[in-house]
Every structure is written in structure tokens, then in C-alpha cells.
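User: I am new to reading protein models. Please take me through this one in short questions and answers.

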Amino acid sequence: MTVKRRFRMETLVRDKMPKRLAKVGVFVEGRSLLDSKDFIHHLKLKLREEVEEVINASTAKDIKEEIADVFEVLYSIAKYHGLQIEHIEKKRIQKQLERGGFSKGLFVEFIEVEESEESNPVIEYCLAQPDKYPEIIGE
């Protein structure tokens, strides 16, 4: 008698993955989420997974592979929202021209903003995200 082992996956996979797995004797049970509101949710989870793989990659070859996976997920997210990659690239270039890129490797340790009578958008921005930008008091 052959023993079968079953594993829960619960993840979005590339379109050809079930057929590739079937060729090596793996039975895949799943469904399409394409017409489901869960599709975009699972695309975003897949993006997080793929970004984590970029972070953990150590060789240029592995980083290239993982960035390609990130791009594939981003393209799918863009398509889901009816966005064209060309328009996204145009926006990226526009933001780079206005705000710069990351070529200088600038890292900000902290900022100091003078408080005034009027509300300051920088202060409001930081206060709205205390976990990301904790206020330093008493230094």
C-alpha cells in the first residue's frame, strides 16, 4: 500500500505550477480566485512573500530571480486595477525627477521640526504613524 502525504499550501501560485507538479506525481487541489474579491488580497500576500525572498537572497543570481517574481506579482496587481505598466513607469520617472531616487544612499536618523501655532504637515504625518516615526521626548 502506498502512503500519501498531504500538505496545506493556501497560497497563490503561478498559472503553470499545477501542471509542472503533476508531471512529478503531485496532485494539486485548488481553485481560481480570478473572479473573487480574495484575488487581490492573495496577490498582496504573495507580494509580501516575494519581497521577503528578495530580502533573504544573498547572491546576485538569486536576487535577480526574486526581483523577477516581485515584478510578476506587481504586474498582476496593476492589471487587476486596470493600470498599464507604461503609466506606472512614467509615474516612477516623474517621482524620481521631482524627489530623486536612492542612488546617493541617504539615510535619515531623525528630523527636528519647529512647532508653531499653525499645524505642520510633517508633524501631523509623523504623529499619525507613531510606530514608524516615534517622537523622541527628553533628549
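Analyst: A nonpolar core is a set of buried Ala, Val, Leu, Ile, Met, Phe, Trp, Tyr and Cys residues joined through side-chain atoms within 4.5 Å. Buried means under 20% relative accessible area, exposed means over 50%, and partly exposed lies in between (1.4 Å probe, protein chains only). This is a predicted model, where local features need pLDDT of at least 70, side-chain atom pairs count only at pLDDT 80 or more, and totals for chains, interfaces and linings use all residues. Residues are numbered from 1 along each chain as its sequence is written, and side-chain values use heavy atoms, with hydrogens and water left out.

User: What does the secondary structure of the protein chain come to, in helices and strands?

Analyst: Helices (H or I, at least four residues) and strands (E, at least two) are DSSP runs, numbered from the N terminus. Read from that end, the elements run α-α-α-α-α. The count is five helices and zero strands.

User: Is the protein chain more spread out or more compact than a compact globule, and what is its radius of gyration?

Analyst: The radius of gyration is taken over C-alpha atoms, and the globule rule is 2.2 Å times the number of residues to the power 0.38. For 139 residues that rule gives 14 Å, and the chain is well over this, so it is more spread out than a compact globule. Along the principal axes, the C-alpha atoms fill a box of roughly 75 × 40 × 35 Å. The radius of gyration is 22 Å.

User: What share of the 139 residues counts as buried?

Analyst: The cut-off is a relative accessible area under 20%. Of the 139 residues of the protein chain, the share that passes is 11%.

User: Which helix gives the largest share of the largest nonpolar core?

Analyst: This core has nine residues: Leu12, Leu33, Phe39, Ile40, Leu43, Leu47, Val70, Val73 and Ile77. Helix H2 (38-56) and helix H3 (60-80) each supply at least two of them. The largest share is four residues, and it comes from H2.

User: Which residues does Leu12 touch, beyond those up to four places away in sequence?

Analyst: Leu12 is one of the core residues. Contact means heavy atoms within 4.5 Å. With residues up to four places away left out, Leu12 touches Leu33, Phe39, His42, Leu43 and Lys46.

User: What is the volume of the largest pocket?

Analyst: On a 1 Å grid over the protein atoms alone, a cavity is a set of points where a 1.4 Å probe fits but cannot get out, and a pocket is an open set with protein on both sides within 12 Å along at least five of seven lines; lining residues have an atom within 4 Å of a point. Grid points are joined across faces, edges and corners, and a volume is the space filled by probe spheres set on the points. Of the 41 lining residues, the closest to the centre are Thr11, Leu12, Val13, Pro18 and Val28. The volume of this pocket is about 1900 Å³.

User: How do the residues of its lining divide into nonpolar, polar and charged?

Analyst: Ala, Val, Leu, Ile, Met, Phe, Trp, Tyr, Cys and Pro count as nonpolar, Asp, Glu, Lys and Arg as charged, and the others, Gly among them, as polar. Helix H1 (17-22), H2 and H3 each give two or more residues to this lining. The lining divides into 17 nonpolar, six polar and 18 charged.

User: Which residues lie nearest the centre of the second largest pocket?

Analyst: This pocket has a volume of about 820 Å³. Its lining divides into 13 nonpolar, one polar and six charged residues. Nearest the centre are Ile111, Glu112, Cys126, Pro134 and Glu135.

User: How far apart in space are Glu112 and Glu135?

Analyst: Glu112 is in the loop between H4 and helix H5 (121-127). Glu112 is exposed, at 76% relative accessible area. The two are 23 residues apart in sequence, and C-alpha to C-alpha they are 9.9 Å apart.

User: What is phi of Glu10 near?

Analyst: Glu10 lies in the segment before H1. Glu10 is exposed, with a relative accessible area of 62%. Its phi is positive, in a residue other than glycine, and is near 45°.
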